[in-house]
Amino acid sequence: MLIAKTIAEARAAVAQLRVERRCIGLVPTMGALHEGHLSLVRAAKTACDAVVATIFVNPTQFAPGEDFAKYPRRFETDCALLEAEGVDVLFAPDAAEMYPAGASTVVEVENISDRLDGQSRPGHFRGVATVVAKLFNIIQPNHAFFGQKDAAQVAVLRRMVRDLNFNLELVVCPTVREPDGLAMSSRNHYLSAEERQRALVLSRALRHIEARIAAGVVDSARLIDAGLAVLAEEPEIRLDYLRIVDPETLEDVADVSAGTLVTVAAVVGPARLIDNVLVPPR
Ligand code: AMP
């Protein structure tokens, strides 16, 4: 696996890959890799001839006071994991490489970026859209792989790809969970054993809503009430939102149908955690 620290090195490595391979897959990450990330790498390996992963803890998507400084950084372990998966190139720039002094252009996906996590984390999706647009321009992948776990991010990036005519296919991979249902996240590292136990209420609430939908309930308000009742079992968590929305616009829907997004965010101890499910076809 070739490790590129600069944009020039990454471009040269990708140009080399392109000589003999047609389809290049990109897997952007912030590192502290787990099976969720690796599932994206495996999907990219299956769909593409060559895989470029990136590790960059992007400062512009963290607001002041958020966890940028303490975000887990495990570069050596991550490299070994990516190497074992057969990743061809790892692009791991530092912040000065990605944002040289005077950088002043941003990508703002209007309206969607202010919903769900964007409402609670103003500016977050501007940072995400800007860095992902830069990665798309640097690597110029044919396919780019993202996790359904970050459903609002998927909506923002889908819209960006469409609006800015990026010549690539965005591939969304299912959420990978721990055996007990907790959605894998680098932020799970922040949790004590007790907090981790509390965090299970998120996936439990989603599963309860799924069961109500399977039983024929379509009214979002009733489903939210059912989910809130489960979330109330853990009064120590601070609920940010439980919403039932259109997966593309992230706007609330009155009734669920196939593909509707049921999504939750809560602060558990030191970690802000998110999780979601998509309503299956009937
Ligand atoms: P992050 O490193 O948290 O920025 O995540 C990098 C990519 O991995 C994003 O596309 C995430 O949606 C995806 N991802 C994170 N956790 C999971 C998970 N549990 N299952 C599937 N994809 C995930």
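Ala, Val, Leu, Ile, Met, Phe, Trp, Tyr, Cys and Pro count as nonpolar here, Asp, Glu, Lys and Arg as charged, and the others, Gly among them, as polar. Keep that sorting in mind for the first view of this predicted model.

**View 1. Meet the shell around the ligand: 17 residues surround it.** Sort the shell by class and you get eight nonpolar, seven polar and two charged residues. The closest ones to look for are Met30, His37, Asp150, Val176 and Met184.

**View 2. Helices and strands lend residues to the shell around the ligand.** Look for β2 (24-29), α2 (35-47) and β5 (143-147), since each of them supplies at least two shell residues. Which element gives the largest share? That's α2, with three residues.

**View 3. Zoom in on polar atoms of the protein and the ligand atoms they pair with.** Aspartate 150 brings a polar side-chain atom to 2.6 Å from a ligand oxygen. With glycine 147, it's a polar backbone atom that sits 2.9 Å from an oxygen atom of the ligand. Methionine 184 also uses its backbone: an N or O atom there lies 2.9 Å from a nitrogen atom of the ligand. On its own, the ligand has 480 Å² of accessible area, and the protein covers 92% of that.

**View 4. Here is where domain 1 (2-173) and domain 2 (186-276) come together.** Taken over C-alpha atoms, the domain centres are 26 Å apart. At the contact, 24 residues of domain 1 touch 20 residues of domain 2. Between them, the two domains bury about 1900 Å², with 49% of that on carbon and sulfur atoms.

Technical notes: Residues are numbered from 1 along each chain as its sequence is written. This is a predicted model: local features need pLDDT of at least 70, side-chain atom pairs count only at pLDDT 80 or more; totals for chains, interfaces and linings use all residues. Side-chain values use heavy atoms; hydrogens and water are left out. A residue is near a molecule or strand if one of its heavy atoms lies within 4 Å of it. A polar contact is a pair of N or O atoms within 3.5 Å; within protein, one must be able to donate a hydrogen and the other to accept it, and residues adjacent in sequence count only if both atoms are side-chain atoms. Accessible areas come from the Shrake-Rupley method with a 1.4 Å probe; for residues, only the protein chains shown count as cover. Helices (H or I, at least four residues) and strands (E, at least two) are DSSP runs, numbered from the N terminus. Domain bounds come from an automatic or database domain assignment. Contact means heavy atoms within 4.5 Å. Buried area is the accessible area (1.4 Å probe) that two parts lose on being put together, summed over both.
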